Amino acid sequence: MWQDRLMYVVTIDQRGSRDADDLVPGLLEALAEIPCAAAFERTAGDEVQGLLTEPAAVRRALLVALRGGQWHCGVGAGEVDDDSYASGTRAGRGPAYLAARDAVEAAKGLSSSVAVRVPAAATSEAAAWAADCEAVWGLTAPLVLDRTEAQWRVVDAVDRSPTQAAAAHELDITPASVTGALRLSRIREERAAYPALDRLLAGAHTASTGATGATR
């Protein structure tokens with residue numbers, strides 16, 4: 001029996017893990033606040049996987065991984081065996097898991113390091129939704145990957161401060177410097193894409209499960 005509700009499998013694999021330190025513990029800590037149906041956990045080697053129910057949560061997880069700059073990310077949108085993941089993500093089964101495996105392998109060949117897939121048996125409409133979502137990630141991910149540490153410090157300060165002036169005071173820089181760093185970071189352009197990313201991912205799932213309501 002397949003569970004007919006929004007369900008996404010996110011598989012994240014470390015780049016060049018054979019020649020690098022194990023970054024999985026740090027990633028799992030960073031992902032701990034993401035709401036999940038089954039929490040992110042190490043599945044094999046330097047790979048983690050989580051089961052999520054909301055497009056916005058998927059987006060947040062991908063942004064966490066992209067900020068680290070060391071991960072390939074695959075999203076599978078589809079149905080999941082509703083009894084399989086009670087003991088954890090690794091035990092999960094279903095078309096969405098297979099789609100996520102295809103996606104993370106595809107992500108290794110993309111400069112954005114993000115791929116979105118639906119099950120092989122899904123309709124061409126579902127595949128089109130997933131392709132559109134992946135295309136928008138292809139434009140959004142570089143904004144995250146190319147952001148400098150100095151720009152991140154400004155973005156983070158502005159996010160936690162009541163005003164840009166307060167952020168400038170915290171960082172001991174001028175308000176004009178804050179404005180300039182935000183412009184160069186392109187954080188506004190990134191965040192403007194969030195509604196489209198969420199809508200397209202929801203559409204991929206809806207179309208892949210044959211439910212009604214996906215409107216292009």
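This report walks through the sheet, the largest pocket and the largest cavity of a predicted model.

## The sheet and its helix

Let's start with the strands. Five of them form an open sheet with mixed pairing, and their order is 3-4-2-5-7. Strand 3 (38–44) and strand 7 (114–117) sit at the edges, each with a single partner strand, so one side of each has no neighbour in the sheet. On average, neighbouring strands are turned by 20° against each other, with direction ignored.

As a reminder, strands of a sheet pair through backbone hydrogen bonds, either parallel or antiparallel. Strand 2 (residues 8–14) and strand 5 (residues 71–77) take the antiparallel option, joined over seven bridges. If you would like a spot to look at in your viewer, Tyr-8 stands opposite Ala-77 in strand 5. Helix 1 (residues 24–31) packs on this sheet, where it touches strand 2, strand 3, strand 4 (47–52) and strand 5. The direction of helix 1 makes about 170° with that of strand 3.

## The largest pocket

Now for the open space. The largest pocket holds about 260 Å³, and 16 residues line it. Nearest its centre lie Arg-60, Leu-63, Val-64, Arg-67 and Trp-152. Helix 2 (55–68), helix 5 (149–160) and helix 8 (187–192) are the elements that give two or more residues to this lining.

Which element supplies the largest share of the lining of the largest pocket? That is helix 2, with five residues. In character, the pocket lining divides into eight nonpolar and eight charged residues, with no polar ones.

## The largest cavity

What about enclosed space? Rolling a probe the size of a water molecule over the atoms shows where empty space is left. The structure holds one cavity of 30 Å³ or more, and about 50 Å³ of space lies in the largest cavity.

The lining of the largest cavity is made up of Pro-55, Val-58, Arg-59, Leu-62, Val-75, Val-116, Trp-137, Leu-197, Asp-198 and Leu-201. Helix 2 and helix 9 (194–208) each supply at least two of these residues. Here again helix 2 gives the largest share, in this case four residues. By type, the cavity lining has eight nonpolar residues, no polar ones and two charged ones.

## Pulling it together

Helix 2 is a handy place to begin a tour, as the largest share of the pocket lining comes from it, and so does the largest share of the cavity lining. Neither the pocket lining nor the cavity lining includes a polar residue.

Key:
Residues numbered from 1 in each chain as written. Predicted model: local features only at pLDDT ≥ 70, side-chain atom pairs only at ≥ 80, totals over all residues. Heavy atoms only, no water. 1 Å grid on protein atoms, 1.4 Å probe; cavity = no way out; pocket = protein on both sides within 12 Å on 5 of 7 lines; lining within 4 Å. Points joined across faces, edges and corners; volume = space filled by probe spheres on them. Nonpolar A, V, L, I, M, F, W, Y, C, P; charged D, E, K, R; others polar. Pairing = 2+ DSSP bridges. Axes fitted to C-alpha atoms, helices over the stretch in contact; angles between N-to-C directions. Contact = heavy atoms within 4.5 Å.
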